[in-house]
Amino acid sequence: MNKCRGKKPDLLAYVGGEMSDRDREDIRRHIEACPACADEVRELERLLEGADSLGREMRQVLAGIDWDAQAEKVVSAVWDRGPRPLGKPRGVRPWLPALPFGPVLAGLLIGILVGAAAMFFVLRDGTLRKTPAEAFFASGEFLSRVDQEIARRETLDYLEKSQYVLLELAQTQTESGECRLSEAATLKTRELLSKKKYLNPQLEKARMAKAKAICDQIEILFYELAQISESLTPAQCRGIQNLIEERNILLKIKLLKKELQESEV
Amino acid sequence: MEETRIATHEDVSILLDRASQGDRQAFKNIVGLYQQKVFLLAYSILGHREDALDVVQETFMRLYQKLDAYEKDRNFQAWLLQIAKNLSIDYYRKHREKRREMESLRSVEELQLAADDHRSDPESPGLRHVISRNIERLGERQRLIFVMKHLNGLEYREIAQVLGISVGTVKSLHFKAVRNLRNWLSPELGMQP
């Protein structure tokens with residue numbers, strides 16, 4: 001059998017007359033030069049002629065029917081069957097006005113309802129609920145070490161600040177015989193007095209007796225300083241300085257600081 | 001014919017409204033307008049006059065029941081033919097076994113006669129019979145499209161509306177139906193497949 005060597009045209013549309021005159025003319029020229037397509041066109045024409053003859057036969061059957069009588073018969077059969085079920089008129093929703101994009105909105109509504117139902121069940125089951133964190137357990141030994149470490153750091157801080165105030169006091173003697181604490185040192189003195197009240201129970205709890213004894217001596221000095229006015233007389237100043245020297249308070253502070261720094265937990 | 005009296009979409013809508021309110025004459029007018037088209041479709045699917053008339057009656061009964069479901073912006077003819085098509089297919093499936101039995105009762109001689117007398121004339125009853133039998137062999141959608149196109153004379157667009165598919169799909173299925181028929185018929189009709 002011959003085969004079409006070019007691009008095979010739409011011969012069915014050609015035979016069926018479903019193309020423009022220009023395309024039709026192009027195909028006609030192609031058929032003249034292509035025996036394979038010419039054969040196929042003849043075959044399609046015979047096939048569709050046969051189909052058309054079937055259609056004509058059908059129309060003959062059609063012509064042989066009394067359609068007026070048939071219509072009456074159909075209507076009688078419909079009416080004999082009984083009244084039509086009363087349906088709701090379309091588009092009349094007393095509870096909801098007709099909306100555009102009805103199917104989209106319906107889908108959205110269903111989605112929201114399904115989502116809400118899913119969330120209800122999930123929340124009811126407690127799937128999303130955070131499980132409470134397990135209670136923190138720590139041994140007594142660990143807690144006492146924590147207390148000790150806190151007390152150590154607080155004491156070191158207290159000693160640092162005290163050392164600063166006491167050194168300033170030792171060095172502020174002037175030639176006029178009057179010594180004056182700076183405002184910062186005065187404030188720090190008061191702050192250290194209140195801090196000592198907070199530090200006392202910590203030192204007792206951590207059993208730091210030595211540190212507590214030194215801190216007590218510093219507290220006494222600060223207490224006296226606080227009771228005296230900011231401006232000290234030479235005698236008062238000397239008295240305090242003597243006290244610091246006699247009791248080697250600065251040295252004790254230094255040694256205690258060193259000891260505490262080395263005993264870090 | 002009644003078809004020439006009323007034709008516009010507006011008139012059909014008015015008739016449908018009146019019929020839905022129980023107007024018998026309006027419904028009869030609708031039947032008169034469309035019964036032949038319904039018959040042609042049913043007959044092309046079933047190939048039997050009385051069966052097709054049964055489907056016509058059933059189609060209008062169904063229409064009457066579903067009058068409220070009709071949306072006025074839709075193509076009424078396509079909607080009605082859709083109902084008819086579905087009923088015809090149901091009818092065809094329901095009576096398929098009976099049809100097969102009837103076919104098997106046809107004598108071999110009868111079939112041979114039919115095969116012999118078609119070769120010279122495509123209009124011969126033999127050729128029509130062979131084509132008709134081969135149309136039965138097509139797949140459901142190809143068969144429907146072929147008969148609606150060539151036997152009912154519907155356009156691709158109308159077929160697409162009745163079947164609820166795109167025009168492109170209709171064209172494609174029609175092409176396949178013709179190709180299949182050509183292949184099957186070629187030895188009997190003396191064609192080259």
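Trainee: How many salt bridges does the rule find across the interface of chain B and chain A?

Mentor: A salt bridge is a side-chain nitrogen of Lys or Arg within 4 Å of a carboxyl oxygen of Asp or Glu. In this predicted model, in which local features need pLDDT of at least 70, side-chain atom pairs count only at pLDDT 80 or more, and totals for chains, interfaces and linings use all residues, the rule finds four across the interface of chain B and chain A. One salt bridge joins the side chains of A:Glu18 and B:Lys149, at 2.5 Å from N to O. Residues are numbered from 1 along each chain as its sequence is written, chains are lettered from A in the order in which they are written, and side-chain values use heavy atoms, without hydrogens and water.

Trainee: Which elements of chain B give two or more residues to the side that touches chain A?

Mentor: Helices are DSSP runs of H or I with at least four residues, numbered from the N terminus. Here the elements are H2 (24-46), H3 (49-65), H7 (125-137), H8 (140-151) and H10 (167-189) of chain B. H2(B) gives the most, with 11 residues.

Trainee: How many residues of each chain are in contact?

Mentor: Contact means heavy atoms within 4.5 Å. In this model, 54 residues of chain B are in contact with 42 residues of chain A.

Trainee: What is the area buried between chain B and chain A?

Mentor: Buried area is the accessible area (1.4 Å probe) that two parts lose on being put together, summed over both. For chain B and chain A the value is about 4700 Å², and carbon and sulfur atoms give 62% of that area.
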